[in-house]
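This report looks at the cysteines, the nonpolar core and the pockets of one protein chain. Please keep the sequence and the structure at hand while reading.

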Amino acid sequence: IVFAKPLVDAFIVADWGVIALCRKYGAAFHVSTQMSCSNSLAARFLKEQGAARVVLARELSIEDIRSITRRCGCEIEVFVHGALCMCYSGQCYLSSVIGRRSGNRGQCAQPCRLPYGVDGPCRGGHPLSLKDLSLAEHLSQLEQAGVHTLKIEGRMKRPEYTALVTSIYKKALTERRAPTA
């Protein structure tokens with residue numbers, strides 16, 4: 001059977017074994033943020049390994065992003081909206097340990113959003129819960145920095161939420177302006 005176009009545009013990978021399989025069989029792949037790519041040397045190396053796109057670590061500054069996009073030579077994707085993990089670029093095992101759902105396999109149960117604390121200021125609080133990320137006001141900076149693709153969290157969200165957030169970003173990009181409150 002010959003298909004008119006591939007069934008899969010690219011695999012999103014965070015494992016060197018899967019990268020080896022993609023290379024062996026000529027499958028396009030994008031490097032996940034969970035590979036913690038945080039500099040231009042790593043991004044260039046991943047491109048040399050065959051990555052069509054690299055999703056950068058979430059913790060980077062706009063200067064870091066600009067430096068990487070100028071030096072790596074492949075498409076760069078940046079996480080712009082959604083829950084931030086308490087760990088570096090989603091390298092978290094808390095969800096696996098507590099809820100048997102691996103965040104590193106796209107199934108994070110977000111246990112860091114739960115209340116923790118025995119006494120004192122953390123009692124009943126949420127000391128591990130970070131605020132959600134929203135870079136909607138910085139889209140022009142990201143474009144000028146050379147970012148190719150924006151990543152919006154939709155996992156574990158209601159379809160209505162995902163549709164609304166996506167439409168806000170699309171409108172902001174189409175109208176080339178920051179969203180209004």
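Does Cys74 count as buried or exposed? In this predicted model, Cys74 has a relative accessibility of 14% and therefore counts as buried, because the limit for that class is under 20%. Cys22, at 5% relative accessibility, counts as buried as well.

A search of the whole structure turns up zero disulfides. Cys22 takes part in none, and the nearest cysteine sulfur, which belongs to Cys74, is 15 Å away. For Cys74 the closest cysteine sulfur is that of Cys72, at 3.7 Å, and this is too far for a bond because a disulfide needs the two sulfur atoms within 2.5 Å.

The largest nonpolar core holds 29 residues, and those that touch the most other members are Val54, Leu56, Ile65 and Val78. Among the elements that give two or more residues to this core are α1 (16–25), α3 (62–72) and β4 (75–82). Leaving aside residues up to four places away in sequence, Ile65 touches Leu56, Leu60, Val78, Leu142, Ala145 and Val147.

The two pockets can be set side by side.

| Pocket | Volume | Lining residues | Classes in the lining |
|---|---|---|---|
| Largest pocket | about 480 Å³ | 28 residues | 11 nonpolar, 11 polar, six charged |
| Second largest pocket | about 270 Å³ | 17 residues | eight nonpolar, five polar, four charged |

In the largest pocket, the lining residues closest to the centre are Gln34, Arg58, Gly103, Gly106 and Arg155. In the second largest pocket, Leu139, Ser140, Glu143, Leu173 and Arg176 lie nearest the centre, and α5 gives the most to the lining, with five residues.

Definitions and conventions: Residues numbered from 1 in each chain as written. Predicted model: local features only at pLDDT ≥ 70, side-chain atom pairs only at ≥ 80, totals over all residues. Heavy atoms only, no water. Buried < 20%, exposed > 50% of the residue type's maximum accessible area, 1.4 Å probe, protein only. Core = buried A, V, L, I, M, F, W, Y, C linked by side-chain atoms within 4.5 Å. Helix = DSSP H or I, 4+ residues; strand = E, 2+ residues; numbered from the N terminus. Contact = heavy atoms within 4.5 Å. 1 Å grid on protein atoms, 1.4 Å probe; cavity = no way out; pocket = protein on both sides within 12 Å on 5 of 7 lines; lining within 4 Å. Points joined across faces, edges and corners; volume = space filled by probe spheres on them. Nonpolar A, V, L, I, M, F, W, Y, C, P; charged D, E, K, R; others polar.
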